[in-house]
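Colleague: I have a model open and I'd like to learn to read it properly. Can we go through it feature by feature?

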Amino acid sequence: MKVISWNLLRLTGAQVEDVAALVKRHHPDLLFLQEATEEMADLPAMVGGYFFREPLEGRIYGLAVWSPHPLLRPYALRLPASQVPGRVPPRVAQIVQLGDVTFANVHLSHGQFLNRWQLMHISNALDGPAAIVGDYNAVGPIKLAGFKDVGPRQSTHSPNDIISFRLDRCMARGLRCSYARVLARGASDHHPISLTLHALPVIQVSDGPVTAHVRRRMLRVTVERWLRAMRETPARIRVRQTLLEGLDLKLRKAKRSKTAAPRSSEQGHHGAEAHQGSRSIGNSITYV
């Protein structure tokens, strides 16, 4: 599936005509928008498809998604917010389901600790193959358990001509990205990002009552080895126990034989002396 994400820069940035032109040029399966105003609701009238918008509390803009494919109505996932007075209102993630893949359309907070916390909250709320797409407002690398950064590595936001940032990203789980590109910026201060994502095939590994569903070949090999090891564990324990018992028995026999050998030689020595003494006595008696 082809996925595009674009921060529109609310009223002074890209307009609905710009978004419609982007759709006609690139034909995405999913288009995620941040800072989308009410006028973006006119998009289906221009290009068809299905459109849902999630306003942000206390703001004239919000999150929006468009698709040429029928979509279940997305829902808003409330994100952790700063407790400092006067800060921006709480943010949400727009959760979208397309087929077996769950997407989170995001416009995260500027605080670098807070936006990482928001990402962890989102990842814990998503099941199965998933992608978190949008404006992260994050600077530097991001580590998210189970997810991989599959977005383009080029800068996407230039607030001035001196410095630029890679704020628009995509982190995915259970998905492979075969194409990632930063598109022309247009009227916004953010570049759109375009990705081609593929759901990894589900591989079922079964061993009697134990069944595992994995999506990576190397993981499948690891799971198969683990299942085989678990299956053979009782037999290995029995073989090891039998081997140790045999070795213990052999050692005991060897110890007994070493102990018995000196006794036998000592007894033979005393017997020879007694026999020689009897011969001496016999001789003495004969000659007397």
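Modeller: Sure, burial comes first: a residue is buried under 20% relative accessible area, exposed over 50%, and partly exposed in between, using a 1.4 Å probe and protein chains only. By that rule, 38% of the 288 residues of the protein chain count as buried. Before we go on, this is a predicted model, where local features need pLDDT of at least 70, side-chain atom pairs count only at pLDDT 80 or more, and totals for chains, interfaces and linings use all residues. Residues are numbered from 1 along each chain as its sequence is written, and side-chain values use heavy atoms, with hydrogens and water left out.

Colleague: What is the mean pLDDT of the protein chain?

Modeller: pLDDT is the predictor's confidence in each residue, from 0 to 100. The mean for the protein chain is 83, and 72% of its residues reach 70 or more.

Colleague: Where does pLDDT stay under 50?

Modeller: Where pLDDT is low, the predicted coordinates should not be read in detail. Here that applies to residues 277-288, where pLDDT stays under 50. The model has zero contacts beyond four places in sequence for residues 277-288, a contact being heavy atoms within 4.5 Å.

Colleague: And the fold: how many helices and strands does the protein chain have?

Modeller: Both are DSSP runs numbered from the N terminus: helices are H or I with at least four residues, strands are E with at least two. The protein chain has four helices and 14 strands. As for contacts with a separation of 6 or more, 59% are between residues 24 or more positions apart.

Colleague: Let's try one residue. Is Trp6 buried or exposed?

Modeller: Trp6 counts as buried because its relative accessible area is 4%. You'll find Trp6 in strand 1, residues 2-7. Leaving out residues up to four places away in sequence, Trp6 touches a list of residues including Phe32, Leu33, His190, His191 and Pro192. The C-alpha atoms of Trp6 and Pro192 are 4.4 Å apart, though 186 residues separate them along the chain.

Colleague: How do I read phi in the loops?

Modeller: Most residues other than glycine have a negative phi, and most peptide bonds are trans. His27 has a positive phi, near 50°. Its place is the loop between helix 1 (16-26) and strand 2 (30-36), and His27 is exposed, because its relative accessibility is 56%.

Colleague: What is phi of Asn137, near enough?

Modeller: Phi of Asn137 is near 55°, again a positive value. Asn137 sits in the loop between strand 8 (130-135) and strand 9 (148-149). Asn137 is buried, because its relative accessible area is 7%.

Colleague: Which loop holds His157?

Modeller: His157 belongs to the loop between strand 9 and strand 10 (168-173). With 11% relative accessibility, His157 counts as buried. Among the residues His157 touches, not counting those up to four places away in sequence, are Phe165, Leu167 and His190. His157 and Asn7 are 150 residues apart along the chain, with 9.5 Å between their C-alpha atoms.

Colleague: And the glycines: is Gly186 buried or exposed?

Modeller: Gly186 is exposed, because its relative accessibility is 59%. It lies in the loop between strand 11 (175-182) and strand 12 (193-199). Gly48, in the loop between helix 2 (43-47) and strand 3 (50-55), counts as partly exposed at 26%. Not counting residues up to four places away in sequence, Gly48 touches Leu43 and Trp66.

Colleague: Last topic, empty space. Which residues line the largest cavity?

Modeller: Rolling a probe the size of a water molecule over the atoms shows where empty space is left. On a 1 Å grid over the protein atoms alone, a cavity is a set of points where a 1.4 Å probe fits but cannot get out, and lining residues have an atom within 4 Å of a point. Grid points are joined across faces, edges and corners, and a volume is the space filled by probe spheres set on the points. The search of the whole structure finds one cavity of 30 Å³ or more, and the largest cavity holds about 70 Å³. Its lining is Glu35, Glu54, Leu56, Tyr61, Gly62, Leu63, Arg91, Val92 and His107.

Definitions and conventions
1 Å grid on protein atoms, 1.4 Å probe; cavity = no way out; pocket = protein on both sides within 12 Å on 5 of 7 lines; lining within 4 Å.
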